[in-house]
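Hi,

Here is the structure I promised to pass on to you. Have a look at it first, and then read on for what turned up.

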Amino acid sequence: MKTNGKCTKCNSNDIVKIPGRAGAYASGNNIMTGMTTFSAVLVTRYLCCSCGYSEEWIDNKRDIEKIRAKY
């Protein structure tokens, strides 16, 4: 869905990109790699509005390395 804009389950083109965010008390769509929101890795969601299937992606290579180091 991220690369071709098409749902992998139903082949619909009705895809919505929901950007990750980090709010107070680790709220939002993120993965915490430290104690503060400054260490949050944002997770972008892609949602098919036809069937409800969703995918989550980490868009930044540095963020993937931060997660690998922590976990």
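Let's start in the middle of things, with N29. If you skip the neighbours within four places in sequence, N29 is in contact with G20, R21, V41, L42, V43, T44, R45 and E56. You'll find N29 in the loop between β1 and β2. Its relative accessibility is 12%, so N29 counts as buried, the cut-off for that being under 20%. The side chain of N29 also makes a polar contact with the side chain of R45, at 3.1 Å. Keep R45 in mind, as that residue comes back below.

Before going further, a word on what you are looking at. This is a predicted model. The mean pLDDT of the protein is 94, and 100% of the residues reach 70 or more. Element by element, confidence is highest in β1, with a mean of 98, and lowest in β2, with a mean of 94.

Now the overall layout. The protein has five strands and one helix, and from the N terminus on they come in the order β-β-β-β-β-α. Along its principal axes, the C-alpha trace spans about 40 × 25 × 15 Å. Of the 71 residues, 27% count as buried. As for contacts with a separation of 6 or more, 48% of them are between residues 24 or more positions apart.

Next, the sheet. Three strands make up an open sheet, in the order β1-β4-β5, with antiparallel pairing. The edges are β1 (15–18) and β5 (54–57), each of which pairs on one side only. From one strand to the next, the twist averages 20°. Between β1 and β4 (residues 44–48) there are four bridges, in the antiparallel sense. If you want one spot to look at there, try I18: its bridge partner in β4 is R45.

So what else does R45 do? Its side chain meets that of E56 in a salt bridge, 3.2 Å from N to O. E56 sits in strand β5 and R45 in strand β4, so this pair ties together parts that are 11 residues apart in sequence. Is R45 buried or exposed? Neither, quite: with a relative accessible area of 34%, R45 is partly exposed. E56 is partly exposed as well, at 49% relative accessibility. And to close the loop with N29, both R45 and E56 are among the residues that N29 contacts.

N30 is worth a look too. This residue is found in strand β2 (residues 30–32), and N30 counts as buried because its relative accessibility is 15%. A polar atom of the N30 side chain lies 3.0 Å from the backbone oxygen of S27. Leaving aside neighbours within four places in sequence, the contacts of N30 are R21, A22, A40, V41, L42 and V43.

How many salt bridges does a search of the whole structure find? Four. Side chains of opposite charge can pair when their charged atoms come close. You have already met the one between E56 and R45; two others are in the helix, as follows.

- K66 and D63: their side chains meet in a salt bridge, at 3.9 Å from N to O. Both residues lie in helix α1 (residues 61–70), three residues apart, which is about one turn of the helix. D63 counts as buried, at 16% relative accessibility, whereas K66 is partly exposed, with a relative accessible area of 32%.
- E65 and R68: here the closest N and O atoms are 3.3 Å apart. E65 and R68 are three residues apart in helix α1, so about one helical turn separates them. E65 counts as partly exposed, at 41% relative accessibility, and R68 counts as exposed, at 57%.

If you only have a few minutes, I'd go to R45 and look around. From there you can see its bridge partner I18, the salt bridge to E56 and the polar contact with the side chain of N29. After that, turn to helix α1 for the K66 and D63 pair and the E65 and R68 pair.

Cheers

Definitions and conventions: Residues numbered from 1 in each chain as written. Predicted model: local features only at pLDDT ≥ 70, side-chain atom pairs only at ≥ 80, totals over all residues. Heavy atoms only, no water. Pairing = 2+ DSSP bridges. Helix = DSSP H or I, 4+ residues; strand = E, 2+ residues; numbered from the N terminus. Axes fitted to C-alpha atoms, helices over the stretch in contact; angles between N-to-C directions. Buried < 20%, exposed > 50% of the residue type's maximum accessible area, 1.4 Å probe, protein only. Polar contact = N/O pair within 3.5 Å; in protein donor to acceptor, adjacent residues only side chain to side chain. Contact = heavy atoms within 4.5 Å. pLDDT = per-residue confidence, 0-100.
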